[in-house]
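Me: I have a new structure open and want a quick tour. Can we start with the aromatic residues?
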Amino acid sequence: MKVRGFRNAVIAGLAVAAPSALAQTEITITAPPPEATRLDDRTVYDLANNLQAKGGGSVADVLTTLPAVSVDPAGKVSVRGAAVTVMVDGKPSPALRGLPLATALQSMPANTIAKIEVITDPGPEFRGDAGIVINLVTRKPRTPTAKADLGAGIGPQGRRSGSAAGSFGVGAWSFSGSADVRDDIRYDLLYIDRTAKNADGSAAGRLVEHRATFVPYTNTTGVLTVSYAASDHDALSLGGEGALRHRPRQYRDDLGLYDPDGGVTGRSVTQDRAPQHFDHASLTGDYVRKGVIGGDTLTLKASHEDHETLRDQTDDQLFQVPTAVEDIYRQRHTERELIDTISGDYVLPLPREEQLKLGFEVESDRVQSAYQAGAVGDAAVGDPGAGGFGATPAARFGLNRTLSAGYASYQRLLGPWLVKSGLRVESMATRFLAAAQGMPDSSDLRWLPSLSLGRDLSPESRLTFSYTRRIDRPTTEQLNPLQTIVGATTILGNTGLRPSRTDSVEAGYTYTAAKVTVSGTLYARRLTDDIVDYRYAAAPVDTVLVSTVENAGGGTSAGLDLAVDFHLGPDWAISLSSDLSHLRETMPIAGGPIGGENYTGALFTHLTKVNLTWTPAEGDRLQLQAQLHGRSLETGGTRSGYQSVTLSYSHDVTSRLKAIVTANDVFNGVRRVTWIDTPQYRERSELAVPGQIVYLRLTYKLGGGDTAGP
């Protein structure tokens with residue numbers, strides 16, 4: 001074991017300072033190579049030995065294996081119960097924008113990621129998009145030697161993947177690229193039993209829905225980067241990225257409506273294939289100047305992104321708002337988003353182990369969205385040649401958002417303490433272009449301070465404290481008022497949303513001995529103006545709901561995040577973690593006034609994970625990953641927990657050829673039950689996401705040594 005103490009770590013950090021990380025104490029176990037390194041503000045997970053990443057899994061699959069990171073059955077990611085923003089190499093990535101985050105993470109291959117940083121105390125250099133940052137650090141060429149990795153995988157029901165990544169150098173030039181093709185399947189089963197209430201609480205009607213969704217998707221992604229070392233101090237790079245992500249949704253929806261006596265009042269069965277695609281292209285240029293003034297680093301970045309989205313489906317018009325005649329109809333959403341970003345970061349090491357960081361960011365985001373619906377085969381509304389739309393004009397929505405931000409941070413030693421303070425100032429100007437019903441233009445200015453302290457208690461242990469203020473801005477989808485109808489729910493956005501705010505404090509302790517690392521963090525968070533779902537009946541005593549979002553939530557969370565890593569000789573490694581927390585949230589419920597007497601829920605919950613790695617022989621590795629999720633709060637009720645177990649095995653066929661077998665969700669345990677009871681309705685729903693899949697992948701290395709590294 002090797003432990004790097006306080007001063008050596010600071011000096012080393014200053015020497016290699018990068019815009020995405022502050023110099024700080026680092027406690028690292030080096031025999032065997034560490035999978036987790038705990039720093040003052042983050043935990044860094046090395047994926048070199050993660051078989052989910054090596055075995056063709058998505059980024060979402062890998063995140064489920066990390067302590068404290070929760071990925072629920074719908075794909076929503078959170079850490080310690082807080083919302084997260086996911087970045088790539090410290091900046092927003094085109095691959096993660098233009099579509100829901102859960103969909104993007106399921107589509108993104110993990111074999112291009114070297115490390116994942118879970119940053120619970122984000123510094124001011126990170127955009128204030130959520131309380132916690134997950135930063136994906138991509139693989140980068142180490143040497144100009146020509147190298148490449150090839151991979152291919154196969155699974156049941158047509159699942160398959162292929163990937164290639166490589167790099168080479170010619171003089172001052174270096175070239176790298178990757179391509180990945182994935183055919184995969186996601187499907188879920190949803191059961192809803194909802195009873196509408198009269199004013200006295202008696203049953204007014206009942207709805208039962210069985211919905212099966214099957215999503216076979218094809219993702220083709222490619223990245224190409226060219227870099228030029230203009231001098232010992234200057235480097236330029238230009239990168240292009242593109243993705244074609246097609247997810248044709250196939251579903252069957254069976255809806256039954258009943259009166260209070262159990263008699264059938266309506267029945268609807270819809271079965272259709274709904275084309276969907278989320279495509280993007282981007283171009284990014286970087287300029288880095290290093291080591292001119294005492295090891296300083298200047299980074300300038302400019303990028304352009306183009307995202308296109310299509311959602312097209314057939315459903316039942318009974319559930320349109322306002323209420324319309326029952327009829328099968330077709331709805332189509334199209335959206336195009338153009339994003340231009342310029343940013344700069346400057347890091348200056350100073351005498352006496354001090355450091356100054358400055359930066360700015362300007363981003364222009366332009367969105368145009370259109371919604372069109374029409375009865376299928378109804379000549380009064382449309383004609384078959386027009387696909388059911390006829391002359392019905394499309395409803396349109398558009399907005400322009402301009403983000404302007406600047407930040408400064410400073411760190412220095414005060415006695416035995418390393419003190420880091422920072423301030424980020426963000427201004428968001430929003431201009432609505434259509435369908436905003438007179439919403440005025442707005443400009444939102446936020447000041448986001450942060451402060452952290454850390455000190456070594458001994459060469460093996462460290463103590464940290466921090467305070468951070470973050471905001472979570474509404475997404476384009478949450479602002480878009482154009483309706484989407486899914487089963488018995490009409491989904492509407494809200495153009496009047498404000499950012500939510502999170503104030504958090506933490507106190508952490510880390511101890512490292514010869515074969516064990518123990519860390520514990522006490523944390524408390526307060527949410528204000530939280531953006532939460534608000535569901536209400538489309539009409540009085542109606543079983544059909546409208547779902548929208550409001551700044552009507554708030555609450556607190558507090559807990560203890562524990563992690564223990566054992567390295568039991570060269571053959572065994574065990575990681576145990578548990579996040580024990582108490583949640584208290586206030587949320588709007590149907591029948592209650594927004595901002596008035598709303599629903600308040602509280603509960604104790606946990607997220608417990610076990611990771612076991614066994615190396616029975618050289619070239620063989622077995623990993624077991626188990627997780628147990630506790631209950632969670634839902635507007636008007638609670639959701640049950642769930643559990644899952646994943647097994648992975650790798651075998652080195654030769655020094656260059658590796659075979660990896662992964663069995664996901666061995667016991668098919670990803671199933672959640674939700675109970676809701678409000679003045680307007682009572683509901684029990686169950687979501688099952690079958691994920692019992694065995695996947696085989698082969699990887700082959702070309703060239704000498706590793707092709708990539710962090």
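Reply: Sure. Phe168, Trp173, Phe175 and Tyr228 form one aromatic cluster. Keep in mind that this is a predicted model.

Me: How many aromatic pairs does the structure hold?
Reply: There are 8 aromatic pairs. One of them joins Phe168 and Phe175, and that pair is stacked. Their centres are 5.0 Å apart, with 20 degrees between the planes.

Me: Are those two buried, exposed or partly exposed, Phe168 and Phe175?
Reply: Phe168 is partly exposed, at 42% relative accessibility. Phe175 is partly exposed too, with a relative accessible area of 25%.

Me: What about Phe397 and Phe432, and why is that pair called tilted?
Reply: Their planes sit at 45 degrees, so the pair counts as tilted. Stacked would need under 30 degrees, edge-to-face over 60. The ring centres are 6.2 Å apart.

Me: Where in the chain do they sit?
Reply: Phe397 is in strand β19, residues 395-414. Phe432 is in strand β20, residues 417-434. The two are 35 residues apart, so the pair links distant parts of the chain.

Me: Buried or exposed, Phe397 and Phe432?
Reply: Phe397 is buried, at 0% relative accessibility. Phe432 is buried as well, at 11%. Both belong to a core of 12 residues, which also includes Leu479 and Leu482.

Me: Switching topic. Which residues have the most contacts inside the largest nonpolar core?
Reply: Leu63, Val69, Ile116, Ile134 and Leu136. That core has 31 residues. The elements that each supply at least two of them include α3 (59-63), α4 (101-107), β6 (113-119) and β7 (132-138). The core with Phe397 and Phe432 lies apart from it.

Me: What is Ile116 in contact with, leaving aside its neighbours within four places in sequence?
Reply: Among its contacts are Val44, Leu47, Leu63, Ile134 and Leu136. Thr43, Tyr45 and Asn135 are on the list too.

Me: Any charges over rings? Which ring does the charged end of Arg211 sit over?
Reply: The ring of Tyr251, 4.6 Å from its centre. Arg247 has its charged end over the ring of Tyr217, 4.5 Å from the centre.

Me: Now the whole chain. How many helices and strands?
Reply: It has 5 helices and 37 strands. Of the 710 residues, 51% are buried.

Me: And what does the surface come to?
Reply: The chain exposes about 29,700 Å². Carbon and sulfur atoms supply 59% of that.

Note on methods:
Residues are numbered from 1 along each chain as its sequence is written. This is a predicted model: local features need pLDDT of at least 70, side-chain atom pairs count only at pLDDT 80 or more; totals for chains, interfaces and linings use all residues. Side-chain values use heavy atoms; hydrogens and water are left out. Helices (H or I, at least four residues) and strands (E, at least two) are DSSP runs, numbered from the N terminus. Buried means under 20% relative accessible area, exposed over 50%, partly exposed in between (1.4 Å probe, protein chains only). Accessible areas come from the Shrake-Rupley method with a 1.4 Å probe; for residues, only the protein chains shown count as cover. Rings of Phe, Tyr and Trp (its six-membered ring) pair if their centres lie within 6.5 Å; planes under 30 degrees apart count as stacked, over 60 as edge-to-face and the rest as tilted. A charge sits over a ring if NZ of Lys or CZ of Arg is within 6 Å of the ring centre and within 35 degrees of the ring normal. A nonpolar core is a set of buried Ala, Val, Leu, Ile, Met, Phe, Trp, Tyr and Cys residues joined through side-chain atoms within 4.5 Å. Contact means heavy atoms within 4.5 Å.
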